Amino acid sequence: MRTALAAALCTGLLWPCAEAAPAVKTLRHAFLNAETAFDPHAVSDIYSNAITDAIFDPLLCYDYLARPAKLKPNTAAALPEVTDGGRTFTFRLKPGIYFADDPAFNGQKRELTAADYAYSLRRLYDPAVKSPWLWYVEGKIVGGDEAHAAAKKRGLFDYDAPIAGIETPDRYTLRVKLKSTDYNFIYVFATPQLGGMAREVVEKYGADIGAHPVGTGPFRLAEWKRSHKIVLERNAGYRDEVFDAEPAAGDTAGQAILKMQKGKRLPMIDRIEVNIIEESQPRWLALQAGDLDYGNVPTEYAGAAFPGGRLAPFLARKGMTGQRFVEMDLVYTYFNIDHPVVGGLTPERIALRRAVALAYNYAEDVQVIRNGGAVKAESAIPPGAAGYDPAFRTAAFQYDPARAQALLDMAGYKDVDGDGFRENPDGSPLTLEMTGEPDSTIKQFNELWSKNLTAVGLRVRFNLAKWQENNKQAKAGKLAIWQLAWSADYPDGENFLQNLYGPNAGQSNFANFRLPAFDALYDKARGMPASPERDKLYAEMNRLIAVYVPWIPQTHRQRSEVSHPWLVGYRKHPLYTQVWKYLDIDESKRGPRS
Amino acid sequence: MSAVMTEAASTAAPLHQPSPGLWTLAWRRLKRDRVGMVALVIVVFFLLLMAGSYTGLVAKNWSKEVGVSYANPSFMAGAENLEGSKSAAADPQANVPYVDLSDIDPLAPRYKEWEERTAKIKITETPRAETLPFGGDKWGRDVILKAVKGAETSIFVGLVAAFLATVIGTVLGALSGYLGGRIGDALEWFYNVFTSIPYILLILAFAAVFGSSPALAEYKGVGMVVAILALTGWTGIYRLVRAEYIKHASREYVKAAQAIGASHQRRMFVHILPNVSHVCLVQLSQHVVQFIKAEVILSFLGLGVPVDSVSWGTMLAEAQAELVIGKWWQLAAAGLSMAVLVTAFSMLTDSLRDALDPKIK
């Protein structure tokens with residue numbers, strides 16, 4: 001009793017014992033899919049990447065408020081010195097940046113050095129890591145492919161063996177030499193995969209490194225309940241960095257954020273709690289109730305949240321603000337070109353895939369499923385990315401069931417047994433196997449696919465499994481057809497087209513599309529700076545996609561972001577999944593939590 | 001005066017009038033139960049609906065998209081429908097001419113034939129109604145027709161799976177309770193293995209086995225749902241029936257049957273079973289409801305009804321998201337149908353139990 005009274009007195013019920021401690025600024029957010037792990041070289045999903053992006057520090061980063069996206073130094077002292085005709089990148093690091101504390105450092109402060117970035121680059125080549133990001137460096141860095149091949153042969157990657165294209169002449173200098181000019185390579189240094197990684201941490205945790213991410217970024221992993229909850233805390237030893245950005249002069253929203261936040265020390269929030277909420281309805285209700293501080297409005301509710309494109313009054317009354325824009329992404333359905341039913345480059349298989357593309361009702365995708373929260377895609381490159389051509393449109397990706405039926409008839413896919421569904425040209429049964437996830441949104445897509453394909457006489461069967469399981473199967477080349485989305489890693493069409501580059505089959509090229517003409521165009525474009533000439537090559541690649549249809553580009557999603565009034569300085573970045581480092585929270589405006 | 005038996009009196013009372021059987025007596029008692037009869041009429045109505053839907057007499061065109069997205073019910077004709085009032089698709093490049101592919105297209109030599117074949121195919125667009133009698137779903141399908149078609153799937157799954165589970169549970173329970181001994185021990189062990197696994201996990205395990213089997217891939221859908229539910233849902237029935245059989249096995253009427261030479265099989269299923277039938281019926285009714293709900297879970301996991309089919313479970317799952325935007329009619333249609341059938345079925349079972357119980361005269 002006495003203890004309770006004393007506690008009551010001290011907690012300020014009667015009078016304050018001491019000045020109240022500042023409130024812990026906690027950001028609450030939700031992912032709609034579970035993370036996989038936090039080894040930046042091994043994970044490829046955007047949710048895991050969002051976390052690794054908060055923990056690891058790449059050499060470069062994008063300006064928070066500049067539009068279009070603009071690169072700037074992060075841990076590098078300046079943008080790299082590019083020499084040798086665009087083939088050599090030399091970075092100089094800022095000294096005095098330290099890793100977050102970890103037992104692997106034996107109680108010592110561990111400074112970030114150029115060797116940590118060299119280690120990250122080398123790790124991409126390590127066959128044991130099975131990095132889905134190998135394509136970032138494969139065929140590009142001098143000596144890298146040879147090291148990769150040797151490690152494959154020996155069964156072990158030698159991290160101490162020199163690689164001619166990765167040099168660290170001194171503690172703070174990293175030099176990367178490419179085999180040939182690649183104008184997009186600089187963007188790789190702004191991805192979390194190229195964050196500085198301490199070798200001793202990786203060696204200490206071994207196979208469990210995915211659960212022990214240790215970086216120099218603004219946050220550190222404090223708690224992880226797999227597929228349920230992730231908690232990040234401010235990295236107490238984070239370097240001295242203050243808010244600064246370069247919004248365009250006419251960008252009033254950006255200028256307002258800059259004025260409010262400029263000069264504040266980063267990060268401004270202490271703790272981030274991320275819950276996994278896969279179903280749309282509870283996520284949307286939690287967002288409205290203030291249990292989540294910001295988020296994208298699920299597609300089912302985008303129409304109600306932004307009627308006529310403006311924030312709904314019921315949200316505005318809560319002080320919430322909204323942002324709507326087309327994302328630099330692509331929702332597409334891929335066909336596995338190695339698959340015995342839908343794959344191959346013979347005219348009848350091309351016709352089958354083309355017919356599927358013509359049978360799909362893109363307008364219903366946009367209007368009914370996404371409630372207007374998307375724009376139809378006409379090519380593999382989204383608006384905002386270099387190489388996007390608003391004048392590119394092909395007849396291959398338009399809803400035209402009559403043309404689809406005529407094409408199937410012409411290619412010999414006919415209903416032989418009279419059951420209403422077409423058979424293969426050789427008379428054998430034909431069933432398209434589509435992969436999906438068991439959630440309410442994908443169910444709607446499956447309904448659309450089902451009715452559209454049935455209307456042209458194609459039988460379809462849906463195999464449902466968790467996204468992570470499908471991802472594994474896709475990498476192994478076991479899926480026939482799967483609808484996916486690709487968000488830009490960097491603002492260039494090449495980032496999308498590389499998914500169909502032959503050598504990337506088995507990595508990012510789930511379609512296993514290997515077309516020499518496409519690969520030749522890709523190789524040529526990679527050595528060119530952004531220019532009308534390069535755009536022509538991109539257009540040629542898009543024409544090949546329209547002809548051979550390894551992908552059906554469906555939509556570019558429109559982001560419908562809402563945030564609560566206590567979240568300060570939030571603006572969705574076109575490339576970053578999260579911008580937690582730049583956010584602040586005014587806890588006094590937050591209502592009591594239920 | 002001596003009493004004289006008249007001709008009329010002797011013919012009015014036959015000497016060998018057969019006594020009414022168990023089912024005749026049960027039917028007489030049920031007829032006297034008004035609530036039971038009302039419930040019976042409702043259940044029969046739903047069964048007829050299921051049969052009509054199966055044969056295509058009703059709700060044949062349930063999947064036809066006749067209204068705008070989320071078409072309002074007719075009695076809400078003037079209400080705002082943001083989802084249904086959209087115009088043409090948001091395609092900023094809709095007016096851009098197509099790029100030519102003919103120089104790289106392997107199909108180019110057959111372009112002319114393709115166009116000619118296309119010209120012969122006519123696609124007709126159905127005009128969409130702004131309102132439907134009880135509203136439309138996201139795709140503009142009539143919710144009433146959907147509920148009728150959904151009844152077919154849900155009642156079929158609920159009834160057939162519950163019937164199969166009851167049969168499995170009753171037969172195994174009868175064997176275990178009546179025979180006992182090593183057969184009883186073996187069945188008890190089998191029962192314990194099943195019940196040691198949480199029910200939902202057991203369903204998931206069966207679902208995973210069925211779902212990953214290439215041999216069964218063709219049979220995914222309603223049949224698989226029924227099989228999974230029947231194979232996992234018999235344990236409760238088994239336990240109760242076993243206890244009843246242990247109790248009845250030593251009763252006089254069973255010993256009397258034994259004395260007149262009735263076989264074990266006859267004693268188990270002709271003499272004892274009618275006396276424990278009320279237990280089976282109650283379990284059957286409970287499992288119908290339970291399995292209709294379980295179908296929702298399986299559908300959600302991708303092992304339920306196919307996407308081109310509908311059940312009350314899938315309707316309720318869809319309604320979950322719709323309620324937030326004020327579209328309540330799909331929930332009402334599926335929920336009311338389900339509530340009426342489940343209530344009627346429970347009441348009918350209750351009445352049947354009373355009608356069949358030999359102790360209640």
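## Domains of chain A

Domain bounds here come from an automatic or database domain assignment. For chain A of this predicted model, that assignment gives domain 1, covering 39-216, and domain 2, covering 329-557. The contact between them draws 16 residues from domain 1 of chain A and 17 residues from domain 2 of chain A. On the domain 1 side, the touching residues split into 9 nonpolar, 5 polar and 2 charged. Measure from centre to centre, using C-alpha atoms, and domain 1 and domain 2 of chain A sit 32 Å apart.

## Two helices in chain A

Let's start with helix α11 of chain A, which runs over residues 347-359. How far apart are its end C-alpha atoms? They are 18 Å apart, and that agrees with the 18 Å expected for 13 residues at 1.5 Å a residue. α11(A) is mostly covered, with 10 of its 13 residues buried. Among the buried ones are three arginines you can pick out by name, Arg349(A), Arg353(A) and Arg354(A), along with residues such as Leu352(A), Val356(A) and Leu358(A). As for what does the covering, look for β13 (329-335), α13 (401-411), α14 (440-455) and β18 (551-563) of chain A, which are included in it.

Now move along to helix α17 of chain A, residues 516-526, where Phe518(A), Leu521(A), Tyr522(A), Ala525(A) and Arg526(A) are buried. Why do these residues line one face of the helix? Looking down the axis of α17(A), you find the buried residues within an arc of 130°, so they line one face. An α-helix has 3.6 residues a turn, so residues three or four places apart point the same way. The cover over the buried residues of α17(A) includes α16 (494-497) and α18 (532-548) of chain A.

## A look at chain B

Chain B has 13 helices and 2 strands. Of its 361 residues, 37% are buried. Take the contacts in chain B with a separation of 6 or more: 76% of them join residues 24 or more positions apart.

For one example of residues that are far apart in sequence, try Thr24(B) and Ala355(B). They are separated by 331 residues in sequence, yet their C-alpha atoms are 9.9 Å apart in space. Thr24(B) belongs to helix α2 of chain B, residues 22-32. Is Thr24(B) buried or exposed? It has 11 other C-beta atoms within 10 Å, and a residue with 12 or fewer counts as exposed, so Thr24(B) is exposed.

## Where the chains meet

The contact between the chains takes 36 residues from chain B and 48 residues from chain A. On the chain B side, α4 (111-120) and α12 (312-323) each supply at least two residues. Which of chain B's elements gives the most to that side? It's α4(B), with 4 residues. Sorted by type, the chain B residues that touch chain A come out as 22 nonpolar, 5 polar and 9 charged.

## How confident is the prediction?

The model as a whole scores ipTM 0.78 and pTM 0.80. Chain B averages a pLDDT of 84, and 88% of the residues score at least 70.

Within chain B, confidence is highest in α4(B), at 96, and lowest in helix α1 (residues 7-12), at a mean of 47. Over residues 1-11 of chain B, pLDDT stays under 50, and the model has 1 contact beyond four places in sequence for that stretch.

Conventions:
Residues are numbered from 1 along each chain as its sequence is written. Chains are lettered from A and ligands numbered from 1 in the order in which they are written. This is a predicted model: local features need pLDDT of at least 70, side-chain atom pairs count only at pLDDT 80 or more; totals for chains, interfaces and linings use all residues. Two residues are in contact if their C-beta atoms, placed from the backbone, lie within 7 Å. Ala, Val, Leu, Ile, Met, Phe, Trp, Tyr, Cys and Pro count as nonpolar, Asp, Glu, Lys and Arg as charged, and the others, Gly among them, as polar. The expected span of a helix is 1.5 Å times one less than its number of residues. A residue is buried if 20 or more other C-beta atoms lie within 10 Å of its own, exposed if 12 or fewer, and partly exposed in between; C-beta atoms are placed from the backbone. pLDDT is the predictor's confidence in each residue, from 0 to 100. The arc is that of the directions from the helix axis to the C-beta atoms.
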